[in-house]
Amino acid sequence: MSLVNTKILPFQTTAYKQGEFVDVSDTDVLGKWAIFFFYPADFTFVCPTELGDLADFYAELQQLGVEVYSVSTDTHFVHKAWHDTSETIGKIDYYMLGDPSGVITNNFQNMREGQGLADRGTFLVDPDGIIQFTETSSEGVGRNAAELVRKVKAAQYVRNHPGEVCPAKWEEAEAATLKPGIDLVGKI
């Protein structure tokens, strides 16, 4: 069952963010856009490349009113140790949520069966706490933060322009959208 158009479930955890341990819950997410960026484990191989790529786009996402929450089943202590020892991870300014109990990962139906590790999943949550899109890839396939930013802009555009939709490869600068209706049937 897809989680798209469903409300995020309650959670409470501790995160590592900019040299501090901070408490984060589902109520902290409400009122703004949020990306939940799940990955299997700290101190691995594809994960730091993805998290570093996302860190490079964090300022742009913040300008769009989006908060980023990376999530693995590691503890916040492990996140700090990784942040302190990896140049790539050291540039992260967004929240790194510890989920050793698996509550958050299971809430997003993103736990690998029998492994206790999160799949490589991305979830965009709107200010009402509703999941607007999901993406999951296999262990060896890293994600692209530039494409994630494009999808965020499209989701925000659609929310702010009821009755319009963004076609494939939609870019904000082009602003070419579609207005679904009988006049478009068979014309695309």
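Helices (H or I, at least four residues) and strands (E, at least two) are DSSP runs, numbered from the N terminus. In the predicted model, local features need pLDDT of at least 70 and side-chain atom pairs count only at pLDDT 80 or more, whereas totals for chains, interfaces and linings use all residues. Residues are numbered from 1 along each chain as its sequence is written, and side-chain values use heavy atoms, with hydrogens and water left out.

The protein chain contains 7 helices and 7 strands, arranged from the N terminus in the order β-β-α-β-α-α-β-α-α-β-α-β-β-α. Along its principal axes, the C-alpha trace spans about 55 × 30 × 30 Å. Of the 188 residues, 45% are buried, that is, under 20% relative accessible area (1.4 Å probe, protein chains only). Contacts (heavy atoms within 4.5 Å) with a separation of 6 or more are formed in 66% of cases by residues 24 or more positions apart.

The largest nonpolar core (buried Ala, Val, Leu, Ile, Met, Phe, Trp, Tyr and Cys residues joined through side-chain atoms within 4.5 Å) comprises 25 residues, of which Ile 35, Leu 51, Leu 54, Leu 61 and Tyr 94 touch the most other members. Two or more residues each are given to this core by β3 (33-38), α2 (46-56), α3 (58-63), β4 (66-72) and α7 (145-160); the largest share, 5 residues, comes from α7. Beyond its neighbours within four places in sequence, Leu 61 contacts Ile 35, Leu 54, Val 66, Val 68, Val 149 and Val 152. Apart from this core lies another, of 18 residues, including Leu 3, Ala 15, Phe 108 and Ile 131.

How values were computed:
Buried means under 20% relative accessible area, exposed over 50%, partly exposed in between (1.4 Å probe, protein chains only).
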